[in-house]
Amino acid sequence: MKNKIITVVTNLVLVAVVCAVSLIGFFGGNAVAVSNENSNVYYKAENGTGVSLMFNVYEHTDNVLEILDILGEYQAEATFFIGGSWADDNVDCVREIFKRGHEIASHGYFHKDHSRMSVEANLEEIRPSVKLLNMICNTEITLFAPPSGAFGEATLNACASLDLRVIMWSRDTIDWRDKDTKLIYSRATKNLTKGEFVLMHPTDSTVAALPEILTYIRDNGLSAVTVSHNLGE
């Protein structure tokens with residue numbers, strides 16, 4: 001009887017652990033392996049002065065250039081988290097982003113799942129992208145956004161050794177999946193407040209929705225600033 005009780009209790013504990021891991025492991029539909037209480041992980045700027053539009057870039061160079069033109073029209077700043085493999089093939093575009101006053105940050109090199117990687121593997125994926133972006137723009141790279149929002153303790157340790165802050169988001173437009181510009185606009189603007197980080201990608205739908213998003217930001221007394229600016233740097 002005693003053994004049966006122990007077995008039942010053990011099974012219940014295992015179920016609880018699995019459930020906890022499942023809840024912690026997914027945030028906004030993306031794998032996240034650690035708590036958002038970590039001091040080097042930022043989902044928003046608590047004392048931010050504006051709104052940060054964040055563009056994760058691995059493709060669609062033409063759309064990136066259109067986005068730069070639209071941002072320019074609204075005198076808005078943004079942070080571009082750039083994949084190293086894309087940057088290597090689009091050096092001129094990366095320089096144009098930086099030239100127009102926007103922030104350049106790392107999005108890894110080959111869009112891998114960093115939550116499944118060791119510290120050394122994280123370093124091998126992140127360090128080359130940082131060096132490449134630094135070389136292209138002659139600027140210090142201080143921010144890293146993990147592809148798909150997936151990261152673990154090993155990622156945090158790697159970023160700490162590289163003096164990189166890990167940036168997540170307070171809202172996701174899900175523009176990589178949904179083509180409805182009204183949905184993208186709503187996700188980007190509904191109850192938007194200072195300090196928020198808005199995740200976007202250079203899709204056709206985002207290009208179409210961006211003017212209205214920037215108009216909302218302007219008309220509601222907000223400003224579009226870089227992530228580092230929002231974090232007080």
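This section describes a strand pairing, a helix and a set of salt bridges in a predicted model.

Strand β5, residues 79-82, has buried residues on both of its sides: Thr79 and Phe81 point one way, Phe80 and Ile82 point the other way, and all are buried. Strand β5 is paired with two other strands. With strand β4 (residues 52-57) the pairing is parallel and comprises four bridges, and in it Met54 stands opposite Thr79. With strand β6 (residues 103-106) the pairing is likewise in the parallel sense, over four bridges. Here Thr79 stands opposite Glu103. Thr79 thus has Met54 opposite it in one pairing and Glu103 opposite it in the other. Helix α2, which spans residues 61-73, forms a right-handed β-α-β unit together with β4 and β5.

Helix α2 also takes part in a contact between charged side chains. Asp69 of this helix is joined to Arg100, which lies in the loop between α4 (91-99) and β6. The two side chains meet in a salt bridge with an N to O distance of 2.7 Å. The pair links distant parts of the chain, the two residues being 31 residues apart. Arg100 has a relative accessible area of 36% and is therefore partly exposed; Asp69, at 40%, is likewise counted as partly exposed. Asp69 and Arg100 also belong, with Glu96, to a network of salt bridges.

The count of salt bridges in the model comes to eight. Among them is the pair of Arg177 and Asp178, whose closest N and O atoms are 3.0 Å apart. Asp178 has a relative accessible area of 14%, under the 20% limit, and so is buried. A further salt bridge is formed by the side chains of Arg218 and Asp219, at 3.3 Å from N to O. In this pair, both residues are exposed.

Helix α7 covers residues 181-189, and its buried residues are Ile184, Ala188 and Thr189. Viewed down the helix axis, these buried residues fall within an arc of 110 degrees, so they line one face of α7. The elements against which they pack are β9 (171-172), β10 (197-200) and α8 (204-219). Both ends of the helix show local features. At the start of α7, a side-chain oxygen of Asp180 comes to within 2.9 Å of the backbone nitrogen of Lys182. Just after the helix, Asn191 adopts a positive phi of about 55 degrees.

Note on methods:
Residues numbered from 1 in each chain as written. Predicted model: local features only at pLDDT ≥ 70, side-chain atom pairs only at ≥ 80, totals over all residues. Heavy atoms only, no water. Buried < 20%, exposed > 50% of the residue type's maximum accessible area, 1.4 Å probe, protein only. Arc of directions from axis to C-beta. Contact = heavy atoms within 4.5 Å. Polar contact = N/O pair within 3.5 Å; in protein donor to acceptor, adjacent residues only side chain to side chain. Pairing = 2+ DSSP bridges. Right-handed = clockwise from strand over helix to strand, strands pointing away. Salt bridge = Lys/Arg side-chain N within 4 Å of Asp/Glu carboxyl O.
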